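Subject: Structure handover

Hi,

Here is the structure for you to look over. My notes come after it.

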Amino acid sequence: MNGRTVDAVVVGAGPNGLVAANILADAGWQVVVLEAAPDPGGAVRSDRGVHPDHVHDLFSSFHPLAAASPAMRGLELERWGLRWSHAPAVLAHPMPDGRCPVLYRDRERTAQVLESCGPGDGSAYLRLVELWDALGEDLVEALFTPFPPVRSGVALAARLRSAGGLRALRTLALPVRRLGEEEFIGAGAPLLLAGCALHADLFPESPGSAAFGWLLAMLGQQVGWPVPAGGAQQLTAALVRRLEARGGAVRCASPVARVLIADGRCTGVRTAAGEPVRARRAVLADVPAPALYGELVGWERLPARLRADLARFQWDHATFKVDWALSRPIPWRAPAAGGAGTVHLAAGLDHLTRYAAQLATGQVPDRPFALLGQMTTADPRRSPAGTESAWAYTHLPQRARGDAGGAGLGDRWDHGAKEAMAARVEAEVERLAPGFRDTVLARRVLAPTDLQRLDRSLERGAVNGGTAAFQQQLMFRPTVGTGRPETPVRGLYLASASAHPGGGVHGACGANAARAALWAGRPSARRVLHPVWSALRGALGGRGD
């Protein structure tokens, strides 16, 4: 087969791949996106698979990173049909005693609630918001640009100095548990921040977990945790419409089997059906690093050191998710939880630490920490008036070595195992919302293997493309190196969440890869890069596919 030739091939139609394709198309490149699944979107999709009257997001739902990301905002997706919707409150963490700290987009209202949890806690929280006011804009810019973030990093350093210098830096470097102990009297604010930190695969005692929890909470203050009106698929649809309007194409059910290489340069891809698709300028891979290196690109084409480094690649935790169609809103014991789009379910900080320790030791948690989404609360279009579309997910070990609950749960997810784990998740909801089970009209249980079947990039439901821990961030992502999207193969770029800055629906990994490809296409850039690629060609063998 002769196939077709384009300027760039993007492998994978997840958000990073679609953002990359749009940026290349904006520059006048002819782009085709090849997606293995029947539909585009990767982990940004929705359906009516639980109940015909209820829309559920299959994976990601709330998108503060998309709302804040320079890459996403620069695409002006609202012009292509995207509409954001917000719940009355961003986040709630109901407690067993009936109290309920709540994060609102109004900082003063949030502070008022936290003040009721502990005297002085409202003012302490506002000091953290003021730190965000000083650093937030430059921090977001630095996080979402290629590493090292020279221009934004200089601006951030200047802001940091005026915001407290090393003292502010120490605050962000703290474990989130310690931040709570130093700054607050009551349990409310520490629970909100710690729950945010555990969206990633971190402990409350992990150094730097304070920064992660603070980042998510402050994004909630600045932009909220919005959802696409009508379902997560609408974000994907806007990206596809924009790309097609600029001449790009998305081909679904077209899995890529191999990246083609000649003389050390990437020349295109071959699909699983045997069709070659040639790329005059670049191939951008929105796939996990372990799927690119050793699978799409054979090890014989790669430096031996990369193979050794990738053997140390660490996935983030596996995921277990339950979707519910409910006959009415969840009957929370703490009414304030009913207005929140996201609800964290844990009895306290010690519960979070115990859960994280079980994951770290390979145990299936007996009392999982669950994140629950009230989607109709966030977007009335998701189900009929008076009902609720809801979900909850929790994390599991990538490789289970035991079951803390004593029921023998592990890595095999037959019907009985899925029902047993779903019962543990539902028990956490029922403790805080008695009568919850009576509201369930229908449900769907997605074990780690189900999530990977729906999106082959989610290794056992790992949603972040690799751990968020420091040893695999910045210049260590995905392995020890530059932290940039370039690969040892000239013209091939890593555009997935395995690249810096990592997981989340922000499009920055794809944007960074696209801009690297555009820069490499300039004559001055080729003169600079030629000696580097010449040295790498020897390691790659210099042979064609």
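Below are notes on a helix pair, the backbone and the cysteines.

Please keep in mind that this is a predicted model.

**Helix pair**

Start with H5 and H6. H5 covers residues 121-144, and H6 covers residues 150-162. They pack at an angle of about 160 degrees. Their axes are 9 Å apart. Angles over 145 degrees count as roughly antiparallel, so H5 and H6 are roughly antiparallel to each other. Their crossing is left-handed.

On the H5 side, the contact is made by Ala 134, Leu 135, Asp 138, Leu 139, Glu 141 and Ala 142. H6 brings Ser 152, Ala 155, Leu 156, Arg 159 and Leu 160. By class, that contact has seven nonpolar, one polar and three charged residues.

**Cis peptide bonds**

Stay with H5 and H6 for a moment. The loop between them holds Pro 148. The peptide bond from Phe 147 to Pro 148 is cis, and its omega is near -5 degrees.

Another cis peptide bond joins Arg 477 and Pro 478. Omega there is about 0 degrees. Pro 478 lies in the loop between helix H17 (448-454) and strand S20 (492-494).

For context, most peptide bonds are trans, and most residues other than glycine have a negative phi.

**Positive phi**

Two residues to check here are Ala 253 and Asp 263.

Ala 253 is not a glycine, yet its phi is positive, at about 55 degrees. Look for Ala 253 in the loop between strand S9 (249-251) and strand S10 (256-262). Its relative accessibility is 54%, so Ala 253 counts as exposed.

Asp 263 also has a positive phi, near 55 degrees. Its place is the loop between S10 and strand S11 (265-271). Asp 263 is exposed too, with a relative accessible area of 53%.

**Cysteines**

How many disulfides does a search of the whole structure find? Zero. Cys 266 is in no disulfide. The nearest cysteine sulfur to that of Cys 266 belongs to Cys 509, 19 Å away.

Why is there no bond from Cys 509 to Cys 266? A disulfide needs the two sulfur atoms within 2.5 Å. The closest cysteine sulfur to that of Cys 509 is in Cys 266, at 19 Å, and that is too far for a bond.

Are these cysteines buried or exposed? Cys 266 is buried, with a relative accessible area of 1%. Cys 509 is buried as well, with a value of 1%.

Best wishes

Notes: Residues numbered from 1 in each chain as written. Predicted model: local features only at pLDDT ≥ 70, side-chain atom pairs only at ≥ 80, totals over all residues. Heavy atoms only, no water. Buried < 20%, exposed > 50% of the residue type's maximum accessible area, 1.4 Å probe, protein only. Axes fitted to C-alpha atoms, helices over the stretch in contact; angles between N-to-C directions. Helix = DSSP H or I, 4+ residues; strand = E, 2+ residues; numbered from the N terminus. Parallel < 35°, antiparallel > 145°, perpendicular 65-115°, else oblique. Left-handed = near helix turned anticlockwise from the far one by under 90°. Contact = heavy atoms within 4.5 Å. Nonpolar A, V, L, I, M, F, W, Y, C, P; charged D, E, K, R; others polar.
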